[in-house]
Structures are given as structure tokens and as C-alpha cells.
Amino acid sequence: MSATPLLELRGIDKSFGPVQVLRDVALSAHAGEVTALVGDNGAGKSTLVKCISGIYPTDAGEFLFDGRPVSINSPRDAAGLGIEVVYQDLALCDNLDIVQNMFLGREKHSGLVLDEPTMEQMAAETLAGLSVRTVKSLRQHVSSLSGGQRQTVAIAKAVLWNSRLVVLDEPTAALGVAQTAQVLELVRRLADNGLAVVLISHNMNDVFAVSDRIAALYLGQMVAQVRTTDITHSQVVELITAGRSGNLGLTADAAPGGNGTGAQPVATNPGATR
Ligand SMILES: Nc1ncnc2c1ncn2[C@@H]1O[C@H](COP(=O)(O)OP(=O)(O)OP(=O)(O)O)[C@@H](O)[C@H]1O
């Protein structure tokens with residue numbers, strides 16, 4: 001794994017009118033790793049993701065992609081870099097089949113007609129590449145799929161477009177135990193295939209099952225970004241609920257500008273004006 005993060009955010013500020021929702025936020029997402037983005041309701045996770053995906057302009061801060069400064073001013077800019085977001089509500093069309101959904105808005109044509117064989121083959125290859133075997137037919141309408149299968153299609157759709165970084169917003173929120181396990185396996189496989197994955201989750205079991213690093217937002221500030229193996233479940237809960245964890249030992253190389261192997265920037269007194 002490269003020491004340079006695929007995506008690095010520095011000093012991101014974002015306000016809505018007088019309300020500052022993100023304050024000096026730093027975040028790194030590495031290729032081949034799952035970074036869990038955790039935080040209480042209203043901490044700023046969705047806002048941060050909308051900044052990453054170009055939906056919201058930031059007020060301050062910089063984005064580095066592959067170590068180079070980039071501008072993300074629109075969803076098109078984000079897509080151009082290979083950043084895809086899979087939202088909780090999925091945005092799949094029930095009345096279309098799996099192939100149609102995966103190519104929606106980016107259909108392949110052969111002359112004037114849709115190139116169905118190519119699209120079907122590409123969809124099949126993408127699902128096979130992710131070892132997805134739970135879908136019976138690519139021509140099934142999405143309405144007939146289970147919640148887990150729908151998540152699988154939405155994630156595969158993101159992967160189809162040569163994505164390099166996929167953000168998953170609560171992918172297991174509506175799923176039962178078995179389907180959650182399947183989706184988490186898929187999340188892990190995305191990273192194992194070399195993608196950088198940012199996983200938003202409120203579920204600590206999911207976070208500890210699948211993530212390599214945990215980034216904790218508290219009242220709009222990134223209070224820690226640490227390796228999952230360097231933190232306990234209860235320390236993460238403390239970070240989420242109190243913005244600090246008294247027991248969290250942070251090493252020297254954890255500081256910004258360190259070697260990237262330990263915890264990252266820690267602010268322990270966030271949200272003073274909120
Ligand atoms: N468009 C907006 N205009 C004004 N305030 C907003 C807007 N979007 C979000 N906020 C505020 O920003 C804060 C962070 O919201 P955000 O949705 O980013 O949090 P979150 O961590 O994703 O929460 P949840 O886990 O509940 O989805 C909240 O206080 C919210 O009310």
C-alpha cells in the first residue's frame with residue numbers, strides 16, 4: 001500500500017449561513033483500505049461526503065488526489081477523478097433491470113441502438129470481479145431484489161466506472177444479519193481490489209469488522225483518525241459522543257506530517273461555537 005493517501009483533505013471548512021458545519025477537517029483515504037467515517041447524528045458526515053463528491057462547495061481547505069492538489073467543484077469533477085458515492089437511498093430504478101440500472105445515464109451504444117450485449121457482459125464481469133454470486137439474472141428487475149442484493153448492485157454500479165474511491169453511506173442500515181455479512185464482505189473486497197473505500201456507519205460491529213482506519217467526526221471537527229487495531233470499541237464511542245477519548249494513546253508519528261502509520265490529527269476541543 002502506498003504511503004500517499006489516494007484522497008487527502010486538509011483544512012476543510014463548510015458553513016450553511018451562520019452555522020459552521022465543518023471546521024478545519026482533515027481526512028485521508030488510502031487505496032486498498034476501508035476508512036470508516038463515524039460520528040453522531042449531525043456530526044457532519046453527510047456534509048463532508050457532499051463536499052468530497054462536489055455537491056457542496058467548500059469554504060476553505062484543499063483536496064489532494066494521488067498527492068496532487070485538485071479542485072472538486074462539481075459531481076463531474078469528482079467522477080472524473082474516479083470518486084463515486086453510493087447513497088443510503090441507493091437511487092436505483094425499480095422498474096429497470098440490473099444491467100439497465102448499472103448503465104443508467106451512461107449507456108453504451110452500437111450505432112443508434114443500445115449495445116445490450118456489451119453492457120450485459122461488462123455488468124457480468126464487474127459482478128464476477130467482485131465475486132458476487134447472489135444475483136440470479138442480470139435481467140431481473142431491481143424491484144425483485146432483496147435489500148442486500150440492491151446494495152450489491154449499487155456498489156457494483158459504482159465500481160463499473162473505474163472508480164478509485166467509493167464512499168458508501170450506511171450500506172447495511174436496512175439489512176438483516178446475513179445480508180449485512182454479505183455486503184461487508186463486498187466492502188472488504190472492494191478495498192482488496194485496490195480501491196479506497198470510505199464507509200459511513202453508525203454500527204460499531206460493522207466498523208470493527210471491515211475497516212482499516214477509523215475517522216471520527218464530532219460537531220464538525222475530525223477528532224481522530226486512527227488505525228482500527230489501535231483503538232477499542234469503547235474509545236470510538238467516547239470519540240463519537242464526547243469528542244475525545246482519555247485513554248487514546250496517540251503516537252508521535254500520528255501527528256499531521258507524520259509517516260501516516262498511526263493516528264492522525266486530533267483536536268480535543270471542537271465545536272466551541274456550536
Ligand atoms: N443544507 C443544509 N443547510 C443547513 N444546515 C445543514 C444543511 N445540511 C446539513 N446541515 C446541518 O449540518 C449539520 C451536519 O449535518 P449532516 O447531515 O452532515 O450530519 P451527519 O453526520 O451526516 O448526520 P446523520 O448521521 O444524522 O446523517 C447538522 O446540524 C445539520 O442540521
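Which strands does helix α1 lie across, and at about what angle does α1 run to β2? Let's start there, because everyone has the picture in front of them, and please remember that this is a predicted model. Helix α1 lies across β1 and β2, and the angle to β2 is about 65°.

Hold on to that helix, as we will come back to α1. But let me step back for the overview. The protein chain has 8 helices and 12 strands. Of its 274 residues, 43% count as buried. If you take the contacts in the chain with a separation of 6 or more, 67% of them come from residues 24 or more positions apart.

Now to the sheet we began with. Four strands make an open sheet in the order β2-β1-β4-β5, and the pairing is antiparallel. At the edges sit β2 and β5, which covers residues 68-70, and each of these pairs on one side only. On average, neighbouring strands here are turned by 30° against each other, direction ignored. Look at β1, residues 7-16: 7 bridges join β1 to β2, and the two run antiparallel. If you want one pair to find on your screen, try L7, whose bridge partner in β2 is A29.

There is another sheet to look at. This one is an open sheet of 6 strands, and the order is β6-β9-β10-β3-β11-β12, with mixed pairing. Here the edge strands are β6, residues 83-86, and β12, residues 221-227; each pairs on one side only. Neighbouring strands are turned by 20° against each other on average, again ignoring direction. How many bridges join β6 to β9? There are 4, and these two strands run parallel. A pair to click on is E84 with V166, its bridge partner in β9.

And here α1 comes back. Helix α1 lies across β3, β6, β9, β10 and β11, running at about 150° to β9. So that you can find the strands: β3 is 34-39, β10 is 196-200 and β11 is 213-218. Another helix, α8, residues 233-242, also packs on this sheet. Helix α8 touches β3, β11 and β12, and its direction makes about 25° with that of β11.

Is α1 mostly covered or mostly open? Mostly covered: 6 of its 8 residues are buried. Those buried residues are K45, T47, L48, V49, C51 and I52. Just after the helix, G54 takes a positive phi of about 80°.

Next, the ligand. The residues around the ligand include F16, V19 and V21, then G39, and also N41, G42, A43, G44, K45, S46 and T47. Which elements each supply at least two residues of this shell? They are β2, residues 19-29, and α1, residues 45-52. The largest share, 3 residues, comes from α1. Sorted by class, the shell has 4 nonpolar, 6 polar and 1 charged residues. Notice that K45 and T47 appear both around the ligand and among the buried residues of α1.

Let's move on to the domains. The domain assignment gives domain 1 as 1-82 + 163-274, and domain 2 as 90-146 + 155-161. Where they touch, 8 residues come from domain 1 and 9 residues from domain 2. On the domain 1 side, β9, residues 165-169, and α6, residues 177-192, each supply at least two residues. Helix α6 gives the most to that side, with 5 residues. By class, the domain 1 side of the contact has 4 nonpolar, 3 polar and 1 charged residues.

One last stop, just one residue. G194 lies in the loop between α6 and β10. Is G194 buried or exposed? G194 is exposed, because it has 11 other C-beta atoms within 10 Å, and a residue counts as exposed at 12 or fewer. Leaving aside neighbours within four places in sequence, G194 is in contact with A31 and G32. L37 makes a useful landmark: G194 and L37 are 157 residues apart in sequence and 19 Å apart in space, C-alpha to C-alpha.

To finish, back to our opening helix. Helix α1 lies across β1 and β2, lies across strands of the six-stranded sheet as well, and gives the largest share of the shell around the ligand. Thanks for listening!

How values were computed:
Residues are numbered from 1 along each chain as its sequence is written. This is a predicted model: local features need pLDDT of at least 70, side-chain atom pairs count only at pLDDT 80 or more; totals for chains, interfaces and linings use all residues. Domain bounds come from an automatic or database domain assignment. Two residues are in contact if their C-beta atoms, placed from the backbone, lie within 7 Å. Ala, Val, Leu, Ile, Met, Phe, Trp, Tyr, Cys and Pro count as nonpolar, Asp, Glu, Lys and Arg as charged, and the others, Gly among them, as polar. A residue is near a molecule or strand if its C-beta atom, placed from the backbone, lies within 6 Å of it. Two strands pair if DSSP finds at least two bridges between them. Axes are lines fitted to C-alpha atoms, for helices over the stretch in contact, and angles run from 0 to 180 degrees between N-to-C directions. A residue is buried if 20 or more other C-beta atoms lie within 10 Å of its own, exposed if 12 or fewer, and partly exposed in between; C-beta atoms are placed from the backbone.
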